[in-house]
Amino acid sequence: MELYTPILALALIATGFAVFSVIMSAVVGPKRYNRAKLDSYECGIEPTPQPVGGGRIPVKYFITAMLFIVFDIEIIFLYPWAVHFDQMALFGLVEMVLFIATVFVAYAYVWRRGGLDWD
Amino acid sequence: MILTVLILLPLVGALVTAVVPAAVARLVGLGFAAATLVAGIVAATQYHVGDGMQLTETYTWIDSLGVHYALGVDGLGLLMVLLTVVLVPIVMLAGWHEADAPGNNGAKAFFAWTLGLEAMSLAVFTATDVLLFYVVFEATLIPAYFLIGGFGRAGRGRAATKFLIYQLAGGLIMLASVIGLYVVSADAGNPSFLISDLAALDIDETTQRWLFVGFFIAFAIKAPMFPVHTWLADTTEKATTGTSVLLVCILDKIGTFGMLRFCLGLLPDASQWATPVVIVLALISIIYGALVAIGQDDVLRLIGLTSLSHFGFIVLGIFVFSSNGSSGAILYMVNHGIATALMFLVAGFLIRRTGTASIREMGGVEKAAPVLAGFFLVGGLAAAGLPGLSPFVSEMLVIIAAFDHHWVVGSVAVLAIVLAAFYALWMYQRTMTGPDRVGAAPVVDLDRREVGILAPLLLALLLFGFYPMPLLDVINPFVHDSLASVGIGQEGGPQ
Amino acid sequence: MTQYIVLSAILFTIGCVGVLTRRNAIVVFMCIELMLNACNLAFVAFARQHGNLDGQITAFFVMVVAAAEVVIGLAIIMTIFRTRRSASVDDASLLKY
Amino acid sequence: MTEFVKPSIEYFELWPLLVVFGAACLGVVVEAFLPRSVRYTAQVVLALGGLVLALVGVVLVGQDVPEYDDGAARGVLAVGGTIAVDGPSLFIWGLVLALAIAGVLLFAERQLDGGVSAFAGQAAAVPGTDAEAASIAANREHTEVYPLLMFAVFGMMLFPAANDLLTMFVGLEVLSLPLYLLSGLARRRRLLSQEAALKYFLLGAFSSGFFLYGAALVYGFAGSLDFASINEAVRNDVGSQSLLLIGTGLLSVGLLFKVGAVPFQAWTPDVYQGAPTPVTAFMAAGTKVAAFGAIMRLFYVALGADRWSWQPMLWIIAVLSMFVGAALAITQTDIKRLLAYSSVAHTGFILTGVLGLQASDQLAVGEISSVQAVLFYLATYGFATIGAFAVVSLVRDSGGETTAIDRWAGLGKESPVVAAVFAFFLLAMAGIPLTSGFVGKLAVFSVALAAGAWPVVVAAVLASIIAAFLYVRVIKVMYFDKPVGDGPSVAYPSVLTATTIAVGAAITLVLGVLPGPVLDLAAVAGEFIR
Amino acid sequence: MHLAPLAADLPDPGLAAFGQDPWWVILLKAVLIFLVLVLLTLFNIWFERRVVARMQHRVGPNVHGPFGLLQSLADGVKLALKEDIIPKSADKVVFLLAPIIATVPAFITWAVIPFGPVVNFFGHETPLQLTDMPVAVLFMLAIASIGIYGIVLGGWSSGSTYSLLGGLRSSAQMISYEVAMGLALVAVFLYAGSMSTSEIVAAQDRLWFGLILLPSFVIYMISMVGETNRAPFDLPEAEGELVGGFHTEYSSLKFALFFLAEYINLATVSAIATTLFLGGWAAPWGIENVWEGANSGYWPLLWFFGKLFCFIFLFVWLRGSLPRMRYDQFMALGWKILIPVSLAWIVAVATIRVISLEGNINRTYLVAAIAVLLVLTVVLMFVGDKGEKSGAATGEGAPAEADEPHDAYAGGFPVPPMPAGGAVRGGAAPLTFAQSRTTVTAAAEENHE
């Protein structure tokens, strides 16, 4: 555990600094509010009303998120494998090639179906 | 071998009838029925009175469950087989035109299902493996279901469903007991369903009682007995009379047959333990059936309920455990078959003429159709147990046995005879005598074909009424054996 | 060690309750993920307790499964939204009895 | 980190698994690289080929599985003891593969719906939009269903063969996830279908969460995930009993959900009704088979020594399932829902079988074991179900399949054959003699009775009476009721569906009349290995 | 699964030097790192502006202090004195939280960066590194990706279209390039046999991984630019499209925090690159031949920061010379080139490794294995983008969907609405782009009608 305590120290310092500056910004500095200023910025025009029923995000972002998850998982498996590769040698290689190939099948499918194309 | 043939003939017949063009279907069907009749007689000739189980054949069916395809007949089985093979052709002839009546599913289907039913019933009466028995026991329901649901009066669909549910319920309860028997035999180290093996087991008291309950409920529903008889009247009312004959005169016999075969044969101790209850139920059935019958307005319902009363007698006879009782019961099974068949068929002809089954709307038939009225009278008197007609003999035997058992039982049974005479004669009076119905076409009398159909039944009634010995000769040895298994010595068969 | 187990139990319960009470399909779904992660925590904690790696390996696989579930779940839920304009599981009521 | 030991991989014994998985992956590749025009053919051929190949593999493996150490059972522990290729596994593999072949045939059926399959032209297109119209006009169809099915099959094979909780969990998910998707792909009534998918997914994921936490707790108890060690730990009960008890409970929640046992049956009717009928057919049959395989392995192999803590629970659940399933089924007006509830009831019956004795040393000579009975029941149930649903997919009107029961009135006259076959399947489910269902019931009841679970058996008998009523009711509607409007019409299927139905009916009949061989096969399968 | 008992509990020998410090050393180190980072940021900003100015033939900031070195400090003070605006449509709490979340991880990552060998630190022998652990690099990646939350939350909570899109974009591109980055590192671990930074540095004493693993290095450098949203990949802040991107609505010190975080990340990725590929604090070869004291004492700091600034300069150089990429090209680069290539590269490296490990392996086994992957890769490269766009996989509706009149939900934009019962507070009030006049992405386009 004591390997991690220093991180805690650094984290505390950093957090302290961040919080401090956020508060500072609130305290210091003039406060001359008006309605227009508090509107969300839209090039000076009247900001658009927010609908009930949910903000909506292009579906592409979901696809990206899913793909990210998939590959992140792959990476999770690759790291320990890489670190202890020397012990597994050929066996490790073959198994991982099979694994990567399998993931690649899905990857190919997504690619072909335009899952990777942004427009 | 002959028994397998006996079962296969109608089965094949059913399939053939189902596929041949409708024009010839009835002839084909009848042909197969006749062939079966012949086979049945052949089997009877090969049967040696008093040798116990005969014509046996045994093949392994499901090895890992110890199930066999095992057939054989003893006195009881033989009589039932003969009753079946005789009645089926008669029913077919009687239903020759009826099945084609509008709203029915056509003669072709009727004949096919009838043959199927015959095949299954024959299998039931000859099976000597409990599971085989159970299988065909349930299998009889399918043709019966389609016979009831497919032919007859409006509302038959409901009746058919009710019938099937009752029977299935009984069957499944029995299944529990069947499995129970199997488990017992398995624990005994030799898992088998063969009756011969099972009879050899000695099952402890409580287990016996549980198993007995299972079997008895199933057979009571089948037979029918009070309080699980309610499907009977509905069914006989809605179905065609032909179907009713098949049901009441053949199928229901499986109930009493089963009681003799399994309750007494396999679970004698439990049977004696249950005797008081069963006898009470039997007496209730006798009286209740008779009383309700009196109140009926629908002829077919009435006849159905009379057989409730009769089955009461049969069960009574079985469970008083005396040679008289048993012999009487078995004899009764045959006679009742004949008599009730006669009643149903006549009633069927009657209804076809009057166009109604309501007693209230009938009357004065005897003037227009004396022959019909005559048959009807004979049938009714037979049901009432008039001396000289075969049911009398069996009834007497049962009542004697009842008195031997306990005077109360006997006297209640006697009371039933009075009631029977009453409903029979009163029904006759209301339908046949009295003023003619207002504004109705005069009832045509029976034609030659119909007389030809009824005649053999009538003859049988008279013959066995005066000379029941051939039947008794077949019966007594069986009774001797079965009573011996219950542990009651033989004190001379009835003369 | 027990603290971890207790924590995981609490997390699991929260997720469980969430699934049963929340009405927004996405939220329900997130609660399910929470349950899975509670399981992970328990696995790792037990692995530490028993001093073998089975639990940690399991955690890996659970992550994979969770990922797969996310992908499939989002796909299904999206289709429903686009049809129904609503994420409420109460609106999904065509099928009953 | 100590020295790495390379696990042995028994490629021969795992052949069926590998083939199925490979076929599935290939299917994805096909999906990715072949032009749309040829995909349908390619996929069907690929799927069927893979399944048949795997089936052959199962037979070959089955012929020479070595005896396991003590000789009581035969089998091999593959891949470092994570997969048990033993008799029951092989039996279930064979069964699943056979059902899957039937499933593929149903999936591939195109004739019923005017030249298109039962699956949505484009799942992503919002129903009622031009997009959907376009996809329909273009006669699009999702050929992805075949790879999905193959993955599901892979899961169904891995699930019952898993010899440790982790593998079992993975199998569970691999089997479930594709099914979630598949049940959302119906071409008609897409809202229902999507809703079914949503419910199935949410509840399924929920239950698998329970399973996982149970696994965690059991791991905490035993300190190991594989069944043999868990069994050991249970015997000399190390660790705290409460962990074990709760763990067992949670595990069984996950498993019982999959088989749709009360009180975890809520999803069954919705999903069965909403999913495309071919999917329902495949799912209803396959899932149950696989899941019961897993249940038996878990309870017998891992928790066998703890019998007395889980048996009472199973007693109650079995009884509940039978009664609730049968009772609710009676109230249904939709044939698919009715079949769903009846499947719940059947779950109860099979559980009755699970309650029996399984180890050969507990049995009298010639007595059949629980495993044997359950395996047989699964076989009978699987084929009857898949056949019944196949028939359901035939009965149609202008709006596609007509699943409302009252619209089935008069089917007996409209198409006697179809009605007869369906009636036959129903009778099989009701357990009428001369159908496979009867022998199945006989087997499970007798094992339960032999194990002294007579109350359950009595309950089962009563429940089957209720169930009988509901099947008879349907038959009555088909044969004796007046058709409403212009009655149902029966679409004439291509050889694919026809084959499936025919085979299903044939097997149901044969297993009813001559169950001997299959029973013996199940007996040869013997016990689970640990 | 019979696995080895867990040996990892006790840190492996390589890390023996760590976890021994008394509390004051730890504290001192932490403070030092913090200061270094802040100063570094200030310096970097100035540095960037000067260099870019040079490249554009300008002078750049030169007023405050020598060479205008204090320019960025002045900017900081100015920002602090600016008015602090919280839009009324914003979700206050998250809005305030976001900059903190973005900043803190940026600092923390530096905890495991090795600045130098074991030195005498105020009379106490300790390595010039706050701490180290068996999974240091993994730790860095994990913490770094926490920073993304800051950005996406900031974008979301502002309750403004631009912010939201900006946040989404940056998070999307960050995760996309994180994959490539992660894959690039695998090869390093493969050779170093460890994930602890100090051991990786130690493993490079003979040869820098940057040279033997050149492809990994290149991939890493590309993805690190993407990871930090720097030109030419600075699409989240594409002024022309998105105004300020996710921090459009931020002002005063909160904005400064985002700014700070961005520049620290800049330094962080550079530091990681230095550590993993350029031998960390080790002096460039040749030097210790002429002067063996080069790798001892505090000198390594020199080499470390030297290498670090090379990277910083590279960043600036890129910004000064390259135009901004288009978003689709950018994503395509990440997903369709970097990932497959790095996967292939990993396998290649592993293969080489195996061969070197056990010289006599039967080739067929190996060839078969490679063939599988090669075929797949080649096929993919070959068919390339010709893949038809049936929406099936993308979940995106077929084209026709866009022109559903008044269907706010058209165009395949399914997204969970805010929790039932509608918006709770300002920014949580659900967004729409329905009538927004902006023409940012095709995404927003389809929403117009």
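This is a short tour of a predicted model, moving from the whole of chain B to some of its parts and then to the place where chain D touches chain B.

**Stop 1: the whole of chain B**

Begin by selecting chain B and showing its C-alpha trace, which spans about 75 × 55 × 40 Å along its principal axes. If you switch to a cartoon view, you can look for the 21 helices and 2 strands of chain B. The radius of gyration of chain B is 21 Å, which agrees with the value near 23 Å that a compact globule of 495 residues would have. Of the 495 residues in chain B, 64% are buried, and among the contacts in chain B with a separation of 6 or more, 79% are accounted for by residues 24 or more positions apart.

**Stop 2: the two strands**

Next select residues 54–62 of chain B, which form strand 1, together with strand 2 of chain B; these strands pair in the antiparallel sense over 6 bridges. To see one of these pairings, pick E57(B), whose bridge partner in strand 2 of chain B is L71(B). Between the strands of this hairpin lie 4 residues, and in the hairpin G66(B) takes a positive phi near 65°. Now keep strand 2 of chain B, residues 67–73, selected on its own: because 5 of its 7 residues are buried, this strand is largely enclosed by the rest of the structure. As you turn the view, bear in mind that in a regular strand the side chains alternate between the two faces of the sheet.

**Stop 3: V136(B)**

Move on to helix 5 of chain B, residues 130–139, and select V136(B) within this helix. Is V136(B) buried or exposed? V136(B) has 22 other C-beta atoms within 10 Å, and since a residue counts as buried at 20 or more, V136(B) is buried. Leaving aside its neighbours within four places in sequence, you can show the residues in contact with V136(B), namely M120(B), A123(B), V124(B) and A127(B). For a view across the chain, add W407(B), which is 271 residues from V136(B) along the chain, and find that their C-alpha atoms are separated by 40 Å.

**Stop 4: where chain D touches chain B**

Finally, show chain D beside chain B, where 31 residues of chain D are in contact with 29 residues of chain B. On the side of chain D that touches chain B, the elements giving two or more residues are helix 17 (436–450), helix 18 (454–480) and helix 20 (516–525) of chain D. Select helix 18 of chain D, from which the largest share of that side comes, 12 residues. If you then colour this side of chain D by class, you will find 22 nonpolar, 4 polar and 5 charged residues.

Technical notes. Residues are numbered from 1 along each chain as its sequence is written. Chains are lettered from A and ligands numbered from 1 in the order in which they are written. This is a predicted model: local features need pLDDT of at least 70, side-chain atom pairs count only at pLDDT 80 or more; totals for chains, interfaces and linings use all residues. A residue is buried if 20 or more other C-beta atoms lie within 10 Å of its own, exposed if 12 or fewer, and partly exposed in between; C-beta atoms are placed from the backbone. Two residues are in contact if their C-beta atoms, placed from the backbone, lie within 7 Å. Ala, Val, Leu, Ile, Met, Phe, Trp, Tyr, Cys and Pro count as nonpolar, Asp, Glu, Lys and Arg as charged, and the others, Gly among them, as polar. Two strands pair if DSSP finds at least two bridges between them. The radius of gyration is taken over C-alpha atoms; the globule rule is 2.2 Å times the number of residues to the power 0.38.
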